[in-house]
Amino acid sequence: MREKRMFNISEAGNYLGLGRTKTMEFCNEIGATVHIGRRVLYDREIIDSAISERRETTRKGTGQ
């Protein structure tokens, strides 16, 4: 079975290691929030991309 692409808020928070509020703020900031009807889901691929981009930016900024 494939890994889930879309997370609910609890799953996204567990995946990121963040609390509910910080998870929502981070996902809104990076554009990972998807509304389907009344449900709000968070796209794992966008989350992963944003984390990878931040790592690259951090590495370039520290000279590593």
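Which residue stands opposite Val40 in strand 3? That residue is His35, and the pair is a good place to start a tour of this predicted model.

Residues are numbered from 1 along each chain as its sequence is written. In this predicted model local features need pLDDT of at least 70 and side-chain atom pairs count only at pLDDT 80 or more, while totals for chains, interfaces and linings use all residues; side-chain values use heavy atoms, with hydrogens and water left out.

**Overview**

The protein has three helices and three strands, where helices (H or I, at least four residues) and strands (E, at least two) are DSSP runs numbered from the N terminus. Along the sequence these elements follow the pattern β-α-α-β-β-α. The C-alpha trace spans about 45 × 30 × 20 Å along its principal axes. Of the 64 residues, 23% count as buried; buried means under 20% relative accessible area, exposed over 50%, and partly exposed in between, with a 1.4 Å probe and protein chains only. If we take contacts (heavy atoms within 4.5 Å) between residues at least 6 apart in sequence, 50% of them join residues at least 24 apart.

**The sheet**

The three strands form an open sheet in the order 1-3-2, with antiparallel pairing. Strand 1 (6–7) and strand 2 (33–36) stand at the edges with a single partner strand each, so one side of each has no neighbour in the sheet. Two strands pair here if DSSP finds at least two bridges between them. Strand 2 and strand 3 are joined antiparallel over four bridges, and strand 1 and strand 3, also antiparallel, over two bridges. Some of the facing residues are listed here.

| Residue | Partner in strand 3 |
|---|---|
| Phe7 | Tyr42 |
| His35 | Val40 |
| Ile36 | Arg39 |

The hairpin of strand 2 and strand 3 has two residues between the strands, and Gly37 takes a positive phi there, near 65 degrees.

Let us return to Val40, which is found in strand 3 (residues 39–43). Val40 counts as partly exposed because its relative accessibility is 31%. Not counting residues up to four places away in sequence, Val40 touches Phe7, Asn8, Thr33, Val34 and His35. Arg59 is 19 residues from Val40 along the chain, and their C-alpha atoms are separated by 32 Å.

**Helix 1 and helix 2**

Two packed helices are described by the angle between their axes and the distance between the axes. For helix 1 (residues 9–16) and helix 2 (residues 20–30), the angle is about 90 degrees and the axes are 9 Å apart. Such axes are lines fitted to C-alpha atoms, for helices over the stretch in contact, with angles running from 0 to 180 degrees between N-to-C directions. Helix 1 and helix 2 are therefore roughly perpendicular to each other, the term used for angles of 65 to 115 degrees.

In this packing, Ile9, Ala12, Gly13 and Leu16 of helix 1 meet Arg20, Thr23, Met24, Phe26 and Cys27 of helix 2. By class, the contact has six nonpolar, two polar and one charged residues. Here Ala, Val, Leu, Ile, Met, Phe, Trp, Tyr, Cys and Pro count as nonpolar, Asp, Glu, Lys and Arg as charged, and the others, Gly among them, as polar.

Within helix 2, Thr23, Phe26 and Cys27 are buried. These residues cover an arc of only 95 degrees around the axis, which puts them on the same side of helix 2; the arc is that of the directions from the helix axis to the C-beta atoms. On the face turned away from this buried side, helix 2 carries the exposed residues Asn28 and Glu29. Gly31 follows helix 2, with a positive phi near 80 degrees.

**Arg44 in helix 3**

Our last stop is Arg44, which lies in helix 3 (residues 44–62). Arg44 is buried because its relative accessible area is 14%. Leaving aside neighbours within four places in sequence, Arg44 is in contact with Glu3, Lys4, Arg5, Phe7 and Tyr15. Of these, Lys4 is 40 residues from Arg44 in sequence, with 7.8 Å from C-alpha to C-alpha.

Terms used: Parallel < 35°, antiparallel > 145°, perpendicular 65-115°, else oblique.
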